[in-house]
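Reader: I work at the bench and would like a close look at a single part of this protein, taken slowly and with the reasoning spelled out. Could you choose one charged side chain as the starting point and work outward from there?

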Amino acid sequence: MNDHVHAVPEAFDDSSRGTAVKRPAGAQPMPQLTSMTRSNTRSFVKNAILAKSALQDLAAIGEFLEPIVLRERMILQEPKRNLDHVYFIESGLVSLRIVAGESILETAVIGHRGAVGASLLVGGYLPTHQAIVLFPGGAHRIRVEDLRRAINERPAIREHLLSYVQALSLHCAHAGLCGVRHDREKRLASWLCLASDALDAHVLPVTHDYLSSVLGLRRAGVTETLSRFEQQSLIRKRRGILQIDERERLEQKACNCYRLISDAYASSDFANPARELVV
């Protein structure tokens, strides 16, 4: 039987609400790729969607891309509110969750393979999820109207976004199934593997309280399961830090949802490493 709780305290406060749409001091738009060609400079793009795009498509949106620092607890998207920007994540981790009263349920984590707000570009509806920065990092953001204009002119960009959104939708659907059908150990192992993939790291700055809140599990149960993982030498725990030591064995503990979600991202060719563009 699953270890659900009915009311989960909000993991983050509201102090940063609205800060996501403010331009950070000193932030400059991404240089146009045509200008970069003349100066023979290099652009290092880690976001998988951008890295996969053809140089001509990057040039079409390059002048509109703005680098932004993602601070912990920064809210990038609110449910039932118009979105101003789409965020192509370069580093860090964003939690996509459903919020209902005092309860939250995380449905996906978004890292360097994805973009916050991409679903709006191919669906056209108001967002139903909240997106909040879990681990700090960086992103390139673009105004929705600029990206919408670009994908109308450059169909390949739309196709890349659609492929990603399909994988993300499967991720969200299986998160719901996982919460109903799978036991605590499998769910925790799956979350750790998915977060590690999205963050592209084996060290996760995550607490037992956070895992308890977003997965709807009792904290004592989370602690018990993680301690068992540590006894099996799968992970190491320190205060506020969790390190994965035996990734393959941890994957074996995960439910089938992890493999299905991982394969969906891989089949969309969004699991590629960072690419260096010489332009």
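Author: A good place to begin is arginine 154, which is partly exposed, its relative accessible area being 32%. The model is a predicted one, and what follows is computed from its atoms. The side chain of arginine 154 forms a salt bridge with that of aspartate 57, with 3.5 Å from N to O. Because arginine 154 sits in the loop between helix H5 (144-153) and H6, while aspartate 57 belongs to helix H3 (residues 55-62), the pair ties together parts that are 97 residues apart in sequence. The acidic partner, aspartate 57, is buried, as its relative accessible area is 6%, a value that falls under the 20% cut-off for that class.

The two helices on either side of that loop can be taken in turn. In H5, the buried residues are Val144, Asp146, Leu147, Ala150 and Ile151. Viewed down the axis of H5, these buried residues fall within an arc of 160 degrees, so they line one face of the helix. Asn152 and Glu153, by contrast, are exposed on the other side of H5. As background to such a pattern, an α-helix has 3.6 residues a turn, so residues three or four places apart point the same way.

Helix H6 covers residues 155-181, and glycine 176 is found in it. Glycine 176 counts as partly exposed because its relative accessibility is 37%. Although glycine 176 and leucine 105 are 71 residues apart in sequence, their C-alpha atoms are 9.0 Å apart in space.

A second arginine, arginine 228, repays the same attention, since two salt bridges can be described for it. With glutamate 185, the closest N and O atoms of the salt bridge are 3.4 Å apart. Here arginine 228 lies in helix H9 (residues 219-231) and glutamate 185 in helix H7 (residues 184-199), so this pair ties together parts that are 43 residues apart in sequence. The side chain of arginine 228 also meets that of glutamate 224 in a salt bridge, at 3.7 Å from N to O. Both of these residues lie in helix H9, four residues apart, which is about one turn of the helix. Arginine 228 is partly exposed, with a relative accessible area of 27%, and glutamate 224 is partly exposed as well, at 44%. Elsewhere, Asp197, Arg247, Glu251, Arg259 and Asp263 are joined into one network by salt bridges that share partners.

The pair of arginine 228 and glutamate 185 leads on to the packing of their helices. H7 and H9 pack with their axes 10 Å apart and at an angle of about 70 degrees, which makes H7 roughly perpendicular to H9. On the H7 side the contact is made by Arg184, Glu185, Leu188, Ala189 and Leu192, and on the H9 side by Gly221, Val222, Glu224, Thr225, Leu226, Arg228 and Phe229. Sorted by character, the residues of this contact of H7 with H9 comprise six nonpolar, two polar and four charged.

To place these details in the whole, the protein chain holds eleven helices and eleven strands, and 51% of its 279 residues are buried. The salt bridges come to 15 in number. Of the contacts between residues at least 6 apart in sequence, 78% join residues at least 24 apart.

Methods: Residues are numbered from 1 along each chain as its sequence is written. This is a predicted model: local features need pLDDT of at least 70, side-chain atom pairs count only at pLDDT 80 or more; totals for chains, interfaces and linings use all residues. Side-chain values use heavy atoms; hydrogens and water are left out. Helices (H or I, at least four residues) and strands (E, at least two) are DSSP runs, numbered from the N terminus. Buried means under 20% relative accessible area, exposed over 50%, partly exposed in between (1.4 Å probe, protein chains only). A salt bridge is a side-chain nitrogen of Lys or Arg within 4 Å of a carboxyl oxygen of Asp or Glu. Axes are lines fitted to C-alpha atoms, for helices over the stretch in contact, and angles run from 0 to 180 degrees between N-to-C directions. Angles under 35 degrees count as roughly parallel, over 145 as roughly antiparallel, 65 to 115 as roughly perpendicular and the rest as oblique. Contact means heavy atoms within 4.5 Å. Ala, Val, Leu, Ile, Met, Phe, Trp, Tyr, Cys and Pro count as nonpolar, Asp, Glu, Lys and Arg as charged, and the others, Gly among them, as polar. The arc is that of the directions from the helix axis to the C-beta atoms.
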